[in-house]
Amino acid sequence: MSAALDIREVTVTLGRAQVVREVSTTVQRGEWVALIGPNGAGKTTILRALAGLVSFAGEILLEGRAVATSSRREIARRIALVPQHPQTPPELTVAEYVLLGRTPHIGYLATETRTDRLAAERAIARLALRPFAERPLGSLSGGELQRVVLARALAQEAQILLLDEPTSALDLGRQQQALELVDSLRRDEELTVVSAMHDLSLAGQYADRLLLLDRGQVVAEGSAHEVLSEASIAAYYGANVRVIHENGRVFVLPQRADPP
Amino acid sequence: MVEKRERATLPRRKLCASCGAQFGCAHGEPGCWCESILLRRETLAEIRALADDCLCPACLTGFADRERSDSLSDDSSNPARSSGTTRWAKAIPHRAVRARGVPPAWGVCAVLFVLGSLLFALAIGPISIGAGSIAKSALSHLPLLHIHSSLSTVEEAIVWQIRAPRVVLAALVGGMLAISGSAYQGVFRNPLADPYLLGVAAGAGLGATLAIAYAPAGSRAGELLPLSAFAGAILGVTCAYLLGRSVGGVRNTGTLILAGVVVAAFMTAVQTFVQQQHSQTLLSVYSWLLGGFGSADWHDVVLVAPYIAVSATVLLLHRRILDVLSLGDEEAASLGLDVRRVRLLIVVAATAGTAAAVAVSGLIGFVGIIVPHTVRLLVSTSYRAVMPLSLLVGAGFLVLADVVARTVMSPSELPIGVVTAFFGAPFFAVVLRNSRRLGA
């Protein structure tokens, strides 16, 4: 059986800059891979390439099929992208917004069928958004909006979920809740997750595998124990951190250099 | 499950289509027992073929058990298992999970508004004819109704040969301008976009000026003008689109709008030059630019109705797509839309209809902006409501504006562009004050 994602020597050139350089990796079904690395390392660009939103050299196979030759609709049925700053038109209701996730399943000029409404309803129920179904998006809090966007991605019924900085707008507790939710969705719905993440401790605890990127290249790949080292974080992030291994988990703590 | 399930009441008794047993059904209400049963797509298709409703718990559980034993007996890596996600066995979605579309009350209001303004416009004029008898006369033209008109032959002629073409044309043009305005606003995600944005106005103006200035002696400029204006409008938008695309701007709506500005500036320059050379045309070009329906006859209606019908239909069919586009190009693309092609299709449809409208009525400003924004402010920003309601309200609005244009200074006429702008400009100031709410 083919892997969920097979990425072979993918290079993305934007303008004259090579933003992603010869990245190769394979993501198995049900796996959660986190892309980490400093700002501008190419995390978001890789996600956009996976979703077919940017042209690239090399090859990306999505469940065995080449992304480059697939139609937009075919890709959208297999892969759902949750951008870092999703547009949430304030007057759409939660139900209407989640129904937009059904677009790849609805005929071009058609409207939603009962199947689409049921799929959206299930996504809404799954993310505990039932009480909000008829509320306008503009009246929701940041954490609630995050769940609504996840519900839209879930209604898309794609097997692969791409998350770009899923926790960047959330407080500490909401961050954990959101990632727990993604993890439980992954298990229940048998999803494959690829996420770009800033918080290294969280990335290490939730993802099965980390891909450390720097200037568009993969510089380290493996489990949190293998990838998150004080030396590599100093080298690529220019950060002074302590890495603590405890109870089989890895914690990355920023540490201020001693004043001179 | 994240959600705490409440026990739903089961108010409906139903008979199972599979086994005939009676069972309780919450009929789409959340928390019904059927939400705990998950089935594969193929199994669900089988059940839907059996009945268009829920089955009883025993039967649905039976189907679920059968699936489980199927997947056990199959190879565990059966791709069918992972290729399709499972779905609820539930057959009826909850009523909260739907797109609102046009709220029925507003839909009725808009239809009444159009019918009312049509009747009013037919009744108003130098010879006043009662709206009631006009309605009766209109119904008498319908087959199978056997209603007799109470109007005299002269009155019939006044209503149906003189006033009706003008009123119908105003309705068609108003509806078209309003729906293309809302389509442009959606496609460019810019609340200030109007149907003339991409060079339609300048192109049509140039075409009309050329027709008036260079119409060969003997030919009647009146026949050439609409065709020439139409061709100019299409040419203007085509140039703007090609220019925008050549600088890579089709992905970036800002560049496309700038290309429209460039093309419009150029065409206006040519138009002004031609006018300077043929100063005797100034008056007729000027009066055409301001727009009006003074010379409308059934011929004009027949000329533009097909364009407007096709274009308005295409735009109406895109109302859901325009909601998807409101998420931005990137997200719309990630939902499977070919944004470039969709944008081209909508612009082509809106332009063809607008160009046809402009060809018979001249340049009538503001309708394409104030009508969609009024609908947004009053009803909803979803294009499922904005598109159909704009069509109706735009039609009624321009019919009423035309009544004002031909009555306030009767027997002379006010250019209709003056009327729409006179009411449109103050209104637009209010819209601008609220543009945060309209946020593109």
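**Exercise 1.** Determine whether B:Ile416 is buried or exposed.

*Solution.* Count the other C-beta atoms within 10 Å of B:Ile416: there are 28. A residue is buried if that count is 20 or more, exposed if it is 12 or fewer, and partly exposed in between, with C-beta atoms placed from the backbone. B:Ile416 is therefore buried.

The model is predicted: local features need pLDDT of at least 70 and side-chain atom pairs pLDDT 80 or more, while totals for chains, interfaces and linings use all residues. Residues are numbered from 1 along each chain as its sequence is written, and chains are lettered from A and ligands numbered from 1 in the order in which they are written.

**Exercise 2.** Place B:Ile416 in its element and list its contacts beyond four places in sequence.

*Solution.* Start with the element: helix H17 of chain B, residues 416–433, holds B:Ile416. Helices are DSSP runs of H or I with at least four residues, strands runs of E with at least two, numbered from the N terminus. Next, take contacts, meaning C-beta atoms, placed from the backbone, within 7 Å. B:Ile416 has as partners B:Gly291, B:Gly292, B:Phe293, B:Ile364, B:Ala401, B:Asp402 and B:Ala405.

**Exercise 3.** Describe the side of chain B that touches chain A.

*Solution.* First, count: 37 residues of chain B contact 42 residues of chain A. Then assign elements: two or more residues each come from helix H3 (79–83), strand S4 (87–88), helix H12 (319–325) and helix H13 (329–334) of chain B. H13(B) gives the most, with four residues.

Technical notes:
Two residues are in contact if their C-beta atoms, placed from the backbone, lie within 7 Å.
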